[in-house]
Amino acid sequence: GVAYHDTDAYSVWTGTQTRSDQLVDNLDKNADGIPEIGKIVEGEWLEYTIMFEPGQYNIKINAASTLTGKYFLKLDNQIVTCLNAFSPTTNLSTYAVNNLTDRLNISGGEHVLTIVFESANINLDYFEFTKVGDYTSGIETLNGVEKLKVYPNPTKNILQVETKFEK
């Protein structure tokens, strides 16, 4: 399947072109020798298949954006973060680490992560997930909607849920 959406009808690149047969924008390699993704504009997205251990994760993204670049994350096609903004940098060659304020509760196994860009002038170097705790059951709020998260899923034996409704 396709793991990215590039709105350009041509490949924009600088330095060593790593995917000359595809219409994907990339920049020179970073200090670790890995190509960066650049010239990102509104409406583009990148998709990654990742194996996770169950747990709570902090996320940091190293990016350059001359504007307040906006993005959100989806996990298995479900929005898991609100709209976030990259810190503006002085130019598209100067990168800054951006830490998401919310931890993500991620169940174990294979998941598809999508980063959706809602503004232009973004270059992406890397993102990193750091496990900081165990996966926990409970109520999570996203975009003002409360959702009950239960782990392990499926549950075994008995699942007891108590609720209190208020007007």
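**Exercises on a predicted model**

**Exercise 1. Classify Asp-76 as buried, partly exposed or exposed, and describe its place in the chain.**

Solution. Step 1: Asp-76 has a relative accessibility of 37%, so it counts as partly exposed, the limits of that class being 20% and 50%. The structure is a predicted model, and every value here is computed from it.

Step 2: Asp-76 is situated in the loop that links β6 and β7. These two strands make a hairpin with two residues between them, and Asp-76 belongs to the turn.

Step 3: The backbone of Asp-76 has a phi near 55 degrees, which is a positive value in a residue other than glycine.

**Exercise 2. Carry out the corresponding analysis for Asn-121: where does it lie, and what is its phi?**

Solution. Step 1: Asn-121 is found in the loop between β11 and β12.

Step 2: Its phi is near 65 degrees, again positive in a residue other than glycine.

Step 3: With a relative accessible area of 33%, Asn-121 is partly exposed.

**Exercise 3. State how many helices and strands the protein has, and describe its burial and contacts in figures.**

Solution. Step 1: The count is zero helices and 14 strands; the order of elements from the N terminus is therefore β throughout.

Step 2: Of the 167 residues, 32% are buried. The protein exposes about 10500 Å², of which carbon and sulfur atoms supply 49%.

Step 3: Among contacts with a separation of 6 or more, 67% join residues 24 or more positions apart.

**Exercise 4. Determine which strands pair with β6, and in which sense.**

Solution. Step 1: Consider β7 (residues 78–79). Two bridges join this strand to β6 in an antiparallel arrangement, and Lys-74 has Ile-79 as its bridge partner.

Step 2: Consider β8 (residues 84–85). Two bridges also connect this strand with β6, and the two run antiparallel. Here Lys-70 stands opposite Ala-85.

Step 3: Consider β11. Its pairing with β6 is antiparallel and extends over five bridges; Leu-75 is matched with Leu-113.

Step 4: Add the burial of the strand. Five of the six residues of β6 are buried, and the strand is thus described as mostly covered.

**Exercise 5. Identify the residues with the most contacts inside the largest nonpolar core, and the strands that supply this core.**

Solution. Step 1: The core has 21 residues, and those with the most contacts inside it are Ile-61, Phe-117 and Phe-129.

Step 2: At least two residues come from each of β4 (45–52), β5 (55–65), β6 (70–75), β10 (104–106), β11 (109–117) and β12 (122–133). The greatest contribution is that of β5, with four residues.

Step 3: Take Phe-117 as an example. Leaving aside residues up to four places away in sequence, its contacts include Trp-45, Leu-46, Tyr-71, Phe-86, Ile-122 and Leu-124. Charged residues also appear among its contacts, including Glu-42, Glu-44 and Lys-70.

**Exercise 6. Contrast Asn-98 with Thr-90: which is buried, and which is exposed?**

Solution. Step 1: Asn-98 lies in strand β9. Its relative accessibility is 5%, so Asn-98 counts as buried.

Step 2: The side chain of Asn-98 makes two backbone approaches: to the nitrogen of Ser-87 at 2.7 Å, and to the oxygen of Ala-96 at 2.9 Å.

Step 3: Beyond residues up to four places away in sequence, Asn-98 touches Ile-59, Lys-60, Ile-61, Ala-63, Ala-85, Phe-86 and Ser-87.

Step 4: Thr-90, by contrast, is in the loop between β8 and β9 (96–99). With a relative accessible area of 70%, Thr-90 is exposed.

Step 5: Thr-90 and Thr-66 are separated by 24 residues in sequence, and their C-alpha atoms are 6.1 Å apart.

**Exercise 7. Establish where the confidence of the prediction is lowest and where it is highest.**

Solution. Step 1: The mean pLDDT of the protein is 76, and 63% of the residues score at least 70.

Step 2: Confidence is lowest in strand β2 (residues 26–29), at a mean of 52, and highest in β11, at 92.

Step 3: Two stretches have a pLDDT below 50. Residues 13–20 have 13 contacts beyond near neighbours in sequence, and residues 22–26 have 31 such contacts.

Step 4: Where pLDDT is low, predicted coordinates should not be read in detail.

Key. Residues numbered from 1 in each chain as written. Predicted model: local features only at pLDDT ≥ 70, side-chain atom pairs only at ≥ 80, totals over all residues. Heavy atoms only, no water. Core = buried A, V, L, I, M, F, W, Y, C linked by side-chain atoms within 4.5 Å. Buried < 20%, exposed > 50% of the residue type's maximum accessible area, 1.4 Å probe, protein only. Contact = heavy atoms within 4.5 Å. Areas by Shrake-Rupley, 256 points an atom, 1.4 Å probe, with all protein chains shown as cover. Pairing = 2+ DSSP bridges. Polar contact = N/O pair within 3.5 Å; in protein donor to acceptor, adjacent residues only side chain to side chain. pLDDT = per-residue confidence, 0-100.
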